[in-house]
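I am opening a fresh notebook page for this protein. My plan is to look up a few things one by one and write down what I find.

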Amino acid sequence: MSQDNSSKKTLGRPEFSDSPSGGRTTRGGGLEGSLELLADVIESRKLANGGDPDKSYISRLFSKGNDAILKKIGEEATEVVMAAKDGDAKKLTNEVADLWFHCMIALSAFDLRPADVIAELRRREGLSGLEEFALRKAQQRDKDGD
């Protein structure tokens with residue numbers, strides 16, 4: 001059952017409501033709004049924005065540089081594979097959440113936002129995977145001058 005959390009505002013925290021699937025979404029934004037909200041938090045943890053590596057895991061990752069962020073993505077991707085191979089749906093969900101989270105940190109490190117990824121996914125709508133792959137391959141050949 002949906003719950004009205006309007007009286008439970010917390011400074012700096014989003015308002016959440018229950019979704020029909022049993023998950024939670026930010027009010028007024030759905031999945032995209034939730035991702036943008038998380039992106040804002042990640043952005044605020046950058047060292048240039050006052051992030052403190054002694055108080056924030058995200059700031060600590062930023063302070064270690066892109067290689068540390070990318071290594072963490074590799075670790076999380078491996079954990080996703082292992083959870084899927086184990087057939088554990090709950091663990092798979094948790095590991096995919098960790099992977100998405102760390103991918104969002106990488107996006108921020110390269111000054112990208114979830115909207116950039118969503119725009120790319122929308123661009124691919126209506127293309128088969130094989131057509132999209134062939135298009136990217138042709139574009140790479142053109143870029144390389146072959």
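**Entry 1: getting started.** I began with L112, which sits in the loop between α4 (89-109) and α5 (114-124). Helices here are DSSP runs of H or I with at least four residues, strands are runs of E with at least two, and both are numbered from the N terminus. A note to self: this is a predicted model, where local features need pLDDT of at least 70 and side-chain atom pairs count only at pLDDT 80 or more, while totals for chains, interfaces and linings use all residues. Residues are numbered from 1 along each chain as its sequence is written, and side-chain values use heavy atoms, with hydrogens and water left out.

**Entry 2: more on L112.** Is L112 buried or exposed? I found L112 partly exposed, because its relative accessible area is 39% (buried is under 20%, exposed over 50%, partly exposed in between, with a 1.4 Å probe and protein chains only). I also looked up A39, which is 73 residues from L112 along the chain, and the C-alpha atoms of the two are 9.3 Å apart.

**Entry 3: the overall layout.** I counted 6 helices and 2 strands, and along the sequence they run β-β-α-α-α-α-α-α. The protein has 146 residues, of which 21% count as buried.

**Entry 4: the cavity.** I looked for cavities of 30 Å³ or more and noted 1. On a 1 Å grid over the protein atoms alone, a cavity is a set of points where a 1.4 Å probe fits but cannot get out; a pocket is an open set with protein on both sides within 12 Å along at least five of seven lines; lining residues have an atom within 4 Å of a point. Grid points are joined across faces, edges and corners, and a volume is the space filled by probe spheres set on the points. The largest cavity holds about 50 Å³ of space. L112 turned up again in its lining, along with A39, I42, E43, M104, L107, S108, R113 and P114. The elements giving two or more residues to this lining are α1 and α4.

**Entry 5: a pocket.** The second largest pocket has about 280 Å³ of space. Its lining includes L31, W100, M104, L107, P114 and L121, and α1, α4 and α5 each give two or more residues to it. I sorted this lining into 10 nonpolar residues, no polar ones and 1 charged (Ala, Val, Leu, Ile, Met, Phe, Trp, Tyr, Cys and Pro are nonpolar; Asp, Glu, Lys and Arg are charged; the others, Gly among them, are polar).

**Entry 6: the core.** Which residues have the most contacts inside the largest nonpolar core? They are I42, I58, F62, I69, I73, M104 and I105, in a core of 14 residues (buried Ala, Val, Leu, Ile, Met, Phe, Trp, Tyr and Cys residues joined through side-chain atoms within 4.5 Å). Two or more residues each come from α1 (30-44), α2 (57-64), α3 (66-86) and α4. The most come from α4, with 4 residues.

**Entry 7: F62 and K46.** Leaving out residues up to four places away in sequence, F62 touches I42, R45, K46, I69, I105, S108 and A109 (contact means heavy atoms within 4.5 Å). I then followed K46, found in the loop between α1 and α2. K46 counts as buried because its relative accessibility is 12%. Beyond its neighbours within four places in sequence, K46 is in contact with G51, F62, S108, A109 and D111.
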